[in-house]
Each structure stands twice: as C-alpha cells, then as structure tokens.
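Me: I would like to learn how to read a few local features of a structure, taking them one at a time. Could you walk me through them?

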Amino acid sequence: MQETNPRPVFLNLFKIRLPMAGIMSIIHRVTGVVMVLAIPLLIYLLDLSLSGPEGFADAKGLFASGFVKLILFLFLWGLMHHFLAGIRYLLIDIDIGVEKPLFRQTAWAVTLVAPVLALILMGGLS
C-alpha cells in the first residue's frame, strides 16, 4: 500500500523560512553556549591581570590588538543579545508581549538593539 502524501526524502534547511522570533531564539541559545565556553578565557585574563604589574601590562597589551577588539565586540554583542532576549522571555512568561504584532516587534528590537549597545559599550571601554 502506497501513501498519497509521502514524507520528504531530502529536507533542505536553507529553504525553511523561520520567523524573526525563531531566528532570535536560536541566536539566544548560541550566545548562551558561547558565553559559557568563554569562561575559561575570561578567568585566565583575570588571573593574568591580577598576577602583578607585568601581568596587568600583558593583559592590557592583549586588548590593544584589532583582532582582540573584534572578539570583544562579538562577545559584547552576544552578551547584550542574550541579556535583552532574556528580559523579553521573562516578560512573555508573565503574558506581556505575547500578541502577534508585539511579539514580532520585540524580536526585531532585540536583534537590532544588541549590536548598538555593544558598540556603545566598546566606545565606553576604549
């Protein structure tokens, strides 16, 4: 007996169109994993900076390179995204922002405001 509507054999994930809230949710999960994986590096940098004047100078010198500034910006972007998305999810948990237009708007707002906050923090840290 043959089915009238067979299941797809090949599922192309690049053709699936997720809503903005779905994309933001995936980014929220990825940023959480990246922040956890960055903990050993951050502990090393803290230990280096507290080891003495030479260690502090070495740690400060690391932050002078353009590559490290890019990594710092990406980390701050992820941190801001994770923070704002977490607030959004907490508000959704208490039934604020669950309506369809507001749900989409807050997803876009989190995605667009996070890099702006990261740029502001980078400017404030320089």
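**Burial, contacts and crossing helices**

Reply: Let us begin with burial: at 11% relative accessibility, G78 counts as buried, because the cut-off for that word is under 20% relative accessible area. Please keep in mind throughout that this is a predicted model. G78 has its place in helix α3, and its C-alpha atom is separated by 8.1 Å from that of H28, although the two are 50 residues apart along the chain.

Me: Is I87 buried, exposed or partly exposed, and how does one decide?

Reply: The intermediate class covers what is neither under 20% nor over 50%; I87, with a relative accessible area of 36%, is therefore partly exposed. I87 lies in helix α3, and its C-alpha atom is 13 Å from that of V98, with their positions 11 residues apart in sequence.

Me: What charged partner, if any, should I look for around R88?

Reply: A salt bridge needs a side-chain nitrogen of Lys or Arg within 4 Å of a carboxyl oxygen of Asp or Glu. R88, which is found in helix α3 (residues 66-93), is buried yet has no salt bridge, and the nearest side chain of opposite charge, that of D93, is 9.8 Å away.

Me: Which residues does R88 contact, leaving aside its neighbours within four places in sequence?

Reply: With those neighbours left aside, R88 is in contact with A21, M24, F103, T106, A107 and V110.

Me: How are helices α1 and α2 oriented to each other?

Reply: For a pair of helices one looks at the angle between the axes, and here the axes of α1 (residues 20-50) and α2 (residues 53-62) come within 6 Å and cross at roughly 135°. An angle over 145 degrees would count as roughly antiparallel, and 65 to 115 as roughly perpendicular, so α1 and α2 are oblique to each other. On the α1 side the contact involves L45, L48 and S49, which meet G55, F56, D58, A59 and L62 in α2; by class, this contact has 5 nonpolar, 2 polar and 1 charged residues.

Me: What is notable about the phi of D95?

Reply: The general idea is that most residues other than glycine have a negative phi. D95, although it is not a glycine, has a positive phi of about 65°. D95 is found in the loop between α3 and α4 (100-125), and at 59% relative accessibility it counts as exposed, because that class begins over 50%.

Terms used: Residues numbered from 1 in each chain as written. Predicted model: local features only at pLDDT ≥ 70, side-chain atom pairs only at ≥ 80, totals over all residues. Heavy atoms only, no water. Helix = DSSP H or I, 4+ residues; strand = E, 2+ residues; numbered from the N terminus. Buried < 20%, exposed > 50% of the residue type's maximum accessible area, 1.4 Å probe, protein only. Lys, Arg positive; Asp, Glu negative; His and termini not counted. Contact = heavy atoms within 4.5 Å. Axes fitted to C-alpha atoms, helices over the stretch in contact; angles between N-to-C directions. Parallel < 35°, antiparallel > 145°, perpendicular 65-115°, else oblique. Nonpolar A, V, L, I, M, F, W, Y, C, P; charged D, E, K, R; others polar.
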